[in-house]
Amino acid sequence: MNNTNSIREYQRAVKSIPGGVNSPVRAFKSVGMPPVLIDRAKGSKIWDIDGNEYIDFVSSWGPMILGHAREEIVEAIRKTAEKGTSFGAPTMLETQMAELIVEMMPSVESVRMVNSGTEATMSALRLARGFTKRDKVIKFAGNYHGHADSFLINAGSGAMTFGVPNSPGVTKATAADTLVAPYNDLQAVADLFTAHADEIAAVIVEPAAANMGLVLPQEGFLQGLRELTQKHGALLIFDEVITGFRLARGGAQELYGIMPDLTTMGKIIGGGLPVGAYGGRKDIMEKLAPAGPVYQAGTLSGNPLAMAAGITALTILNENHEIYSALDKKGQQLAAGFRKNIAETGVKAIVNQLGSLLTVFFTNADQVTSYQEAAQCDTEQFARYFKLSLENGIYLAPSQFECAFVSEAHSEDDLNKTIAANRSALQQLTDL
Ligand SMILES: *Cc1c(COP(=O)(O)O)cnc(C)c1O
């Protein structure tokens, strides 16, 4: 693999950007090689600046569920740009977007647009605190809710990849208001409610955890959270920034049939542009300024280009339900192929998969259901697997603690090549 241009340009970037990247996991640090810089992408394929072609499973970390540079989305952005790119005044596009989200997401009656998932979770927490007049929040180890201070406690994703689950710069006072329970451990949540009666504003959870690798909620876990929060007067927040519009049209809440009080969204709703949103019960959302006293604002929130791209993506997903059954089939096909390869090569690994999300965990264990189990994986083995995959033309997230994202654009040929590349990489791992 020739990556001379990427190496040169990365060395150049490091001089003017901290670590050479604008988001940490992009740096490939945990897999011990310099990142490839991307030139362009189309459908399921992505090309680096040395001209190497890959089948892309990073999918911009989730947003590109319809594939890259989808014609309808590019056209919507182009047409909207010609009318001006930002006004700082309301537009009909924003209402259209809100109506689509309300139609698609079962528990959302009213929704506020922001510019990232981080902003969505941060604002939802402020709203939950304002609504309940309580300060504390329960989150789960290995769940990632963006980089706001309150959530950088035992966080997943990049924080987990770099072994800094608790970032310097988060004050002790902030950390003290964030209570952490193990994922899938209802008893731990019940104990926290007992220990902090009438202090807990909300429980925030990734309804399927996708930031410590993919970890599925066990039977009864989400239902249990619904019951505990109701019993103790706290709000239940589903962070559906990854799962929303991906696991089903109406996200994990539709798939599992659980109605949270608030939902945070991002990634897919922007159609590839920077967007986040939070919404839920109308009586709670009405507490937001200017309807109510909880303040939250944004100069570029509801930006026309982002709305146009998002509306186009969501409309395609809303009107073509068969996309979800097709994505499920593709996810299952990859998982089955990988599991067969694992069994036949004897590599110690397991595959967690749900719909279009999947993770190959390099572990001796026979299940990964929590942060603790995920953290025991062999990250050096993953790093070798990652490099072999890249050399075989498969672009995976450069961390053991992330998912592969399958998109509508992945073809039968892409999947077969990916399963063959997985086979070859696993085989080489046993030869080492
Ligand atoms: C990506 C992610 C976020 C943060 O979204 P950004 O747009 O990166 O700020 C929050 N929650 C979850 C579950 C995510 O996967």
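Here a first-year student asks about the terms used for this predicted model, and the author explains them.

Reader: What are the two domains, and how far apart are their centres?

Author: Domain 1 covers 4-69 + 321-431, and domain 2 covers 71-319. Their centres, taken over C-alpha atoms, are separated by 25 Å. The contact between them draws 37 residues from domain 1 and 39 residues from domain 2.

Reader: What makes Lys 42 and Glu 71 a salt bridge?

Author: Let's check the distance. The closest N and O atoms of Lys 42 and Glu 71 are 3.6 Å apart. A salt bridge needs a side-chain nitrogen of Lys or Arg within 4 Å of a carboxyl oxygen of Asp or Glu. The pair therefore earns the name, with 3.6 Å set against a limit of 4 Å. Between domain 1 and domain 2, the count is one salt bridge. Polar contacts are counted there too, and they come to 10 residue pairs.

Reader: Which elements supply the side of domain 1 that touches domain 2?

Author: Helix H12 (322-345), strand S11 (350-354), strand S12 (357-361) and helix H13 (371-375) each give at least two residues to that side. The largest share, four residues, comes from S12.

Reader: How do you know how many residues on that side are nonpolar, polar or charged?

Author: Each residue is sorted by its type, and the side of domain 1 that touches domain 2 has 22 nonpolar, 12 polar and three charged residues. Tyr and Leu are on the nonpolar list, so Tyr 324, Leu 354 and Tyr 371 count as nonpolar. In domain 1, these three lose the most area to domain 2, together 24% of what that side buries.

Reader: How much area is buried between the domains, and what share do carbon and sulfur atoms give?

Author: About 3,100 Å² is buried between domain 1 and domain 2, and carbon and sulfur atoms give 67% of that area.

Reader: Why is the pairing of Asp 239 with the ligand called a polar contact?

Author: A polar side-chain atom of Asp 239 lies 2.7 Å from a nitrogen atom of the ligand. The limit for a pair of N or O atoms is 3.5 Å, so this pair qualifies. Lys 267 passes as well, because an N or O atom in its side chain is 2.6 Å from a ligand oxygen atom. Gly 117 uses a polar backbone atom instead, 2.8 Å from an oxygen atom of the ligand. The residues around the ligand include these three, along with others such as Ser 116, Tyr 144 and His 145.

Reader: Where is the cis peptide bond, and what is its omega?

Author: The cis peptide bond joins Ala 289 and Pro 290, with omega about 5°. Pro 290 sits in the loop between helix H10 (282-285) and helix H11 (304-319).

Conventions: Residues numbered from 1 in each chain as written. Predicted model: local features only at pLDDT ≥ 70, side-chain atom pairs only at ≥ 80, totals over all residues. Heavy atoms only, no water. Domains from an automatic or database assignment. Contact = heavy atoms within 4.5 Å. Buried area = accessible area lost by both parts, 1.4 Å probe. Polar contact = N/O pair within 3.5 Å; in protein donor to acceptor, adjacent residues only side chain to side chain. Near = heavy atom within 4 Å.
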